[in-house]
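Let's take a friendly walk through a protein model, starting with its surface and moving on to the places where its parts meet. Keep the picture in view as you read.

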Amino acid sequence: MNLTEDELLKQLSQPRSRASAFSTLVRSYQERLYWHIRKMVLSHDDSNDVLQNTFMKAWNGLDGFRGDSQISTWLYRIATNETLTFLSNKRMRNQHSIDELEENMFSNLQADNYFNGNELQLKLQKAILTLPEKQRLVFNMKYFDDLKYEEMETILGTSVGALKASYHHAVKKIEKFFEDVE
Amino acid sequence: MKKNNIISFEEISKEMPFSVPENYFSQFAEQIDRQVGYRKPITQRLHKPWMYMAATFVGILFMSGFFYSRYQQNSVKNSENYETYVMAQVDESAVVDYYMSNSSNNK
């Protein structure tokens, strides 16, 4: 079923059609959100948990969504917040330092059956893991998804100028990482 | 391109190096459907477009068979009616005269 954004919003606002419209919404956005999350948490199982939390938050928050932004922007925001919360909780639960969590994530990635990258892609993931979380978000959204800075601004709530600077710094850090490992 | 053996971005594929288990997304969507209490109407699953087409085709076949047999019955009935009608219009003695004159002409 191909609904326009307005039709979908209308159906989501009516109790009778809400669940059916939400089912359409999940099918429309699940893949994009999954990959957005997966690039940050790396493991499939963790991504699955965060994606579930994202959609359940969206379902419970439907009454609060007034349609001020696009549905995709709203969902991306929830997914981003859920991802950052998940990583923060994981860090607290394990009582690891920042480095230890990222080191664990990288060693899990090496053993992951659902990682099928080559040696260079693995090195890039290792380099990305050295970035602060927000910078990682910006780098992933620009480098892999090629999102416009204006879109990223509405999702992350950071100005275009700050995003450009953040991406630039991330690239420089990754290049430095490559120089150091060679 | 490599500069002094240093990895550069151009060498690295921008393809996502991750995969998901088979049918993951369809199963995920069904799981969320259950969590929000949504049940797909059964009719949606049973009534597929090819079923509508097949039903239409069978309907057309049935109707054509029905009309064709009606047409055949009518044409037989009409010819029988016509013969009875003609016979009723002719006087019996005229028929006898007709046959008699024919037999005398043949001699």
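In this predicted model, chain B exposes about 9400 Å², and carbon and sulfur atoms supply 58% of that area. Of the 107 residues in chain B, 14% count as buried. The chain has four helices and zero strands, so following the DSSP runs from the N terminus gives the order α-α-α-α.

One residue to look for on chain B is Tyr82(B), which is found in helix 3 (residues 49–89). Is Tyr82(B) buried or exposed? Its relative accessibility is 58%, so it counts as exposed, because the exposed class begins over 50%. Now find Tyr98(B), 16 residues away from Tyr82(B) along the chain: the C-alpha atoms of the two are separated by 20 Å.

**Where the two chains meet**

How many residues of chain B are in contact with chain A? The count is 26 residues of chain B, which touch 40 residues of chain A. Between them the two chains bury about 3400 Å², with carbon and sulfur atoms giving 69% of this area.

The interface also holds eleven residue pairs in polar contact, counting pairs with both residues at pLDDT 80 or more. On the side of chain B that touches chain A, the residues divide into 16 nonpolar, five polar and five charged. The rule finds one salt bridge across this interface. In that bridge, the side chain of Asp33(B) meets the side chain of Arg27(A), at 3.0 Å from N to O.

A good spot to look at on the chain A side is Gln125(A), in helix 6 (residues 119–128). Gln125(A) counts as buried because its relative accessibility is 3%, and the cut-off for buried is under 20%. Leaving aside neighbours within four places in sequence, its contacts come from both chains: Leu42(A), Leu109(A), Phe115(A) and Phe144(A), together with Pro17(B) and Phe18(B).

**Salt bridges within chain A**

Over all chains, the count comes to twelve salt bridges. The table shows three that lie within chain A.

| Salt bridge | N to O distance |
|---|---|
| Arg91(A) and Glu102(A) | 2.9 Å |
| Lys172(A) and Glu175(A) | 3.6 Å |
| Asp180(A) and Lys176(A) | 3.1 Å |

Start with Arg91(A) and Glu102(A), whose side chains meet in a salt bridge. Arg91(A) lies in helix 4 (residues 71–94) and Glu102(A) in helix 5 (residues 98–110), so the pair ties together parts that are eleven residues apart in sequence. Both Arg91(A) and Glu102(A) are buried.

The next pair stays inside one helix. Lys172(A) and Glu175(A) both lie in helix 9 (residues 160–181), three residues apart, which is about one turn of the helix. Lys172(A) counts as partly exposed at 44% relative accessibility, and Glu175(A) is also partly exposed, at 30%.

Helix 9 is home to Asp180(A) and Lys176(A) too; because they are four residues apart there, about one helical turn separates them. Which of these two is exposed, and which is partly exposed? Asp180(A) is exposed, with a relative accessible area of 53%, while Lys176(A) is partly exposed, at 46%.

Finally, salt bridges that share partners join Arg91(A), Glu102(A), Glu133(A) and Arg136(A) into one network.

Definitions and conventions
Residues numbered from 1 in each chain as written. Chains lettered and ligands numbered in written order. Predicted model: local features only at pLDDT ≥ 70, side-chain atom pairs only at ≥ 80, totals over all residues. Heavy atoms only, no water. Helix = DSSP H or I, 4+ residues; strand = E, 2+ residues; numbered from the N terminus. Buried < 20%, exposed > 50% of the residue type's maximum accessible area, 1.4 Å probe, protein only. Areas by Shrake-Rupley, 256 points an atom, 1.4 Å probe, with all protein chains shown as cover. Contact = heavy atoms within 4.5 Å. Buried area = accessible area lost by both parts, 1.4 Å probe. Salt bridge = Lys/Arg side-chain N within 4 Å of Asp/Glu carboxyl O. Polar contact = N/O pair within 3.5 Å; in protein donor to acceptor, adjacent residues only side chain to side chain. Nonpolar A, V, L, I, M, F, W, Y, C, P; charged D, E, K, R; others polar.
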